[in-house]
Structure formats: C-alpha cells, structure tokens
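Subject: Structure handover

Hello,

Here is the structure we spoke about. My notes on it follow below.

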Amino acid sequence: MLKALTALALLPTALIGETIPIDAPVTSAVLYANGATLTRAVSFTAPAGHHDLLITGLPASLDPASVRVAIDGASLGSVIVRQNRVLPSDLTDSSELITAKNEVDRLEAEVLRIQDSRNDILMRAQAANARLTYLATLSAGSDIAPSPETLQATLDLISAQTLAAHQEAAAAQREARMFAKALEKLKEALEKAHQTVIALTPSHGNGAMLSVAVSTEHPTSGTLTLTHLVHQAGWQPVYDLHLTHGDSSELTVRRGALVGQNTGEDWSDVALTLSTSRPNDQTRPSNLNPDLRWITDRNDHGRRSEKAGADYVMAEPAPAPIIEEIASLGFADGITATYAYPTDVSITSQADFLRLSLDTLSTPPQVFALANPLRDETAYLMASIINDTGELLLPSHEASFYLNGQFISRGALPLIAAGDEIDLSFGPINGLRLSHTLRDRESGDTGVLTSRNEQRETHEFSIRNLTDRSWDMRILGHVPYSEQEDLEVTWQSNPHPDVTNYKDRRGILAWHHTLGADETLDITLSHHLKWPKDMVLR
C-alpha cells in the first residue's frame, strides 16, 4: 500500500489531495446471459474536509459508461474512471498462499542442494577418469627397455591404480544415480507446489481504477456503493427433462444454471442473482420444408419471375436439417424474472464453472409418435406440452432428455414463452419402421397442339408397427404449392390427410392415426403440375 500512496504524486491534479485508498471487492452480482452487473459496497472513514476515495484493481472489462456511485455518510463529488496508466494493486497473500509459497522456496532450495551434491560426486568420477587416462599413457611404455624387475613393478602399479580408478568412478556414478532419483521426486513435488501457488493466487489485475471525490464537514464513517457492468461473465440455463410414459405420462423439467466469469478478478462470497433479462447423432425428426414451385421464361435461367409477385424471391434448394443457433440477447429489457441464489458463492476467474440447482416444474404432456417417411427410417417419440408454468423458459444448448429414467440424448431447447406449445423429442422408436417409394414420375408436353407442360409424381409411404403396443401416430408429407395463376397444382391422397397446412406451413400434410401392434399403414400421395409451354418449372 505504501507504493500505491507514493505513486499518487504522479497523478494529475484531479486525483491529488487527501487520498484514502480502499479495497472494494465484489459483494453481489446480477448475471445475464451475456454480462453482469457487479455491486461493490465498502465502508470507509474520513476526517472532515475534501477527499478522494481511491479504488484500484478493478477489472479491465469494466464499462465506464455504466459506472454508478452512491455515498452514504458524505457528499458525493466527481467520479473519475481510469483504464490506462493505473496504480498497482497492493494485495496481501492469504495464510494458505503464504504457506504454499514457503513450500515452493523450501523445495527449490532442496533441489539446489541435491544438484550441488550430485555435481560433487560427478567431479570424483571425472577425477578417476582423468587418472585412467594418465595410467593408459604409462602402460604404453617408452623407447628404453626397463629391467624385468622394474617392468613387473610398473605393471603391478598400473594394474592396481587402474582398478582403483575404475572402482572409484563406478562408485561415484552409482551415488550420482541415487541423487538423480531423489532429484526427480523433488522436482515432481516442486511442480505440484507451483500448481498449488497458482491455484491459490487470486486473479486481480490492474485493469482499471476509480477515484471518487467526497466531502464532509465532520469526521465520518460512511459507505461507498459502486455498480458497473462487465461483459466477461454470464450464465446459461441447463435442463434435465424427464418424460415418464406408460399408463399415464408426466414431463418433469429440472432447471439449473451454469455460471462462469472471466473478468480477471476472483469473486469471493458473492450474493448471486440470475436474471432472465436474457449432440451429435440425430435425436429429433428431420425438418420437412414446404415445396414451393414456380414457372419462369425459358431464357430466364432461374432469375426472379416478375409474375411471382413483387416480394417474391427464388427459394434455394432445401438444405439438410440443422438445429439453429440461438443468439444471446445480452442486457435486454422487458424480461424481468430473476433467481436469487440462497447462499453466497465464490467464482474464480477463468477457472470455475458452477452448476447451480434452481427449481423443478411438472406438466402433463401429450405423447405421440412422429413419422416423416420422406426423410427418416424410424418414427420419433414426441411429447407436446403447453407452457402453463406462467413464466418464460429460456433457450439453452444444454438440455438432457430422459425417458422413464434412462438417458436418451443431449440437445437444445428453444425459448418457450408462457402459453406457448412445443413438441419435444425423446429419441427414435426403432420398432416403428418407415419407408418411402417414388412409384411414378412423368413430365413433358401435353396434347398435340397444346402449349402446356405438366409433371406427375406418385409417392407411397409405409409405416410398420413392429412393437407390442399401439401408437398415436402423426405422419408428415408434403405436396407442391404455387403462388402463380399460370402454375396449376392439384394433388390427391389415399387416405386423405387430417391437416393440410400442418403448423401453418403451406403444403405440409399430416395424418393422425392410431397404429396397433403388428399393423401397417400405407399412404399414397400424388400431385399434378401444369404450366405454359414457354415457361420453365423451378
């Protein structure tokens, strides 16, 4: 803290004066889907006069325009937010962190001691090897022939010294290897000690600081309350959807929250409020796109037809079915549901992801099997529900689906407003087999002297129930539709569909049928298109 006070002399005049440094950790947080409002409430004492309350160590992601300051116990003056050339924070290590750092120092000293001892032993081995080199030169002899007695004495000496040198070098190498093993264990312990220090070191950058001018006629004890927005924080809902299906059916939705933050500052014992002011195999039926057809001049080559209407744009080929990404709404207004978590939480920046339990909702579903023979080979178990909870169910990419207690899949859940109806998929029903056959396709001119083109297609769908129970079925199909008078569309179906514009989608047909065990339903669907000879079907 002394360094921080000394450095105040370097600040511009706006910050000079009776400066009172204060620590202002996060005391409460309101999390949105993308971002958070942080509150810091801190007590201070000040003598009579004009002063600056100085808060350092604020996150770099602090939004200056969102800063709001309230003072209790003094008069509030100007507020300065600085995000560059800020003073360093003077943090005091916790007792756990001090102990961890001391352990690192001890282990580092022990590593150096063992490395020095090992080096001393290796020097003995080097000295023994030097003696061996010298003895090798002696054994080479000289040009002067020694007497037999001298030669024998020399050989005995060289032999004894060589053996001793080899033994000493080998002993030194063995001792060095023992030190190497001890050194390896120490380095492993040192690495763990370093990891402990990293885990216990709080994230606290010098990204921003705040200077608040206050004045008081008398010595005072007051409270400063600071609120501001950050963007590197948020939460997303997580759902466990349990469908119980048998003699009766019930859908239970267990709601939770996944919370995390990356502000560069650790939150400790924070009052947390979650605000709604906002896999890989196929686990749901494929999308079936409406089949819009139109005609154009032969030389038009697919360009927009003027006859198609002023607002008409040519449709692209139907894409493969995908699950759309759901965008985060950020700090949106108008959705005010909140969840105040009952206990304080601590969240380490860039490290922790907390899963918090919220509540459980139950609703009676309508269970049926959805069959799309044009795209799928099996039907899918669906649960249709109406959101009668009286509140919004937020969108999430973290929804887990269970059927009679068994995990089925993970997927996404869209936003479900109060009163909305939605069909939820609980996986394939492998005993409901689907097939599709294109029986007939004809196209060409009609008549001898006519100026018309036509196209005919006939499709057959087959739904086989290989299970030992009956199913309430919904079978989907589609026929072309037209928005142009010159393109005539007629179609026939046996049996006739119960719905001709399923879920308000033109040309999408739906049959409702109860299919008993070991039964088969066959559907024949055909369409007939006619258009002028000088036009092209798209």
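The second largest cavity is lined by V253, L361, S362, T363, I385, N387, T389 and L393. Please keep in mind that this is a predicted model. The volume of that second largest cavity is about 60 Å³. Strand β16 gives the largest share of its lining, three residues. Sorted by class, the lining of the second largest cavity has four nonpolar and four polar residues, with no charged residues.

The largest cavity has a volume of about 60 Å³. Its lining consists of W235, P237, V238, Y239, R255, G256, T276, Y339, L358, L392 and L394. The elements that give two or more residues to this lining are β9 and β10, the latter spanning 249–261. The largest share, four residues, comes from β9. By class, eight residues in the lining of the largest cavity are nonpolar, two are polar and one is charged.

Next, the sheet. Strands β9, β10 and β16 belong to an open sheet of five strands, in the order β16-β10-β9-β19-β20 and with mixed pairing. At the edges are β16 (353–363) and β20 (406–413), each of which pairs on one side only. On average, neighbouring strands of this sheet are turned by 20 degrees against each other, direction ignored. As background, strands of a sheet pair through backbone hydrogen bonds, and they do this either parallel or antiparallel. Strand β9 (residues 233–245) pairs with strand β19 (residues 396–403) in the parallel sense, over six bridges. V238 has E398 of β19 opposite to it. V238 also appears in the list of residues that line the largest cavity.

Then the aromatic residues. The structure holds three aromatic pairs, and two of them are described here.

One aromatic pair is formed by F401 and F426, which are edge-to-face, with 5.4 Å centre to centre and 80 degrees between the planes. This pair links distant parts of the chain: F401 is in strand β19 and F426 is in strand β21 (residues 421–446), 25 residues apart. Both F401 and F426 are buried.

Another aromatic pair is formed by F461 and W511, again edge-to-face, with 6.5 Å centre to centre and 85 degrees between the planes. This pair, too, links distant parts of the chain, with F461 in strand β22 (residues 452–465) and W511 in strand β26 (residues 508–515), 50 residues apart. Both F461 and W511 are buried.

The last item is a single loop residue. Q484 is located in the loop between β24 (480–481) and β25 (488–494). Is Q484 buried or exposed? Its relative accessibility is 9%, and the cut-off for buried is under 20%, so Q484 counts as buried. In sequence, Q484 and I295 are 189 residues apart, while in space they are 8.1 Å apart, C-alpha to C-alpha.

If you want to go through the model yourself, one route is to start at β9. This strand gives four residues to the lining of the largest cavity, and it pairs with β19 in the parallel sense. From β19, F401 leads on to F426 in strand β21. The second largest cavity can be looked up from β16, which gives three residues to its lining and is an edge strand of the sheet.

Regards

Key: Residues numbered from 1 in each chain as written. Predicted model: local features only at pLDDT ≥ 70, side-chain atom pairs only at ≥ 80, totals over all residues. Heavy atoms only, no water. Buried < 20%, exposed > 50% of the residue type's maximum accessible area, 1.4 Å probe, protein only. Pairing = 2+ DSSP bridges. Axes fitted to C-alpha atoms, helices over the stretch in contact; angles between N-to-C directions. 1 Å grid on protein atoms, 1.4 Å probe; cavity = no way out; pocket = protein on both sides within 12 Å on 5 of 7 lines; lining within 4 Å. Points joined across faces, edges and corners; volume = space filled by probe spheres on them. Nonpolar A, V, L, I, M, F, W, Y, C, P; charged D, E, K, R; others polar. Phe/Tyr/Trp six-rings, centres within 6.5 Å; stacked < 30°, edge-to-face > 60°.
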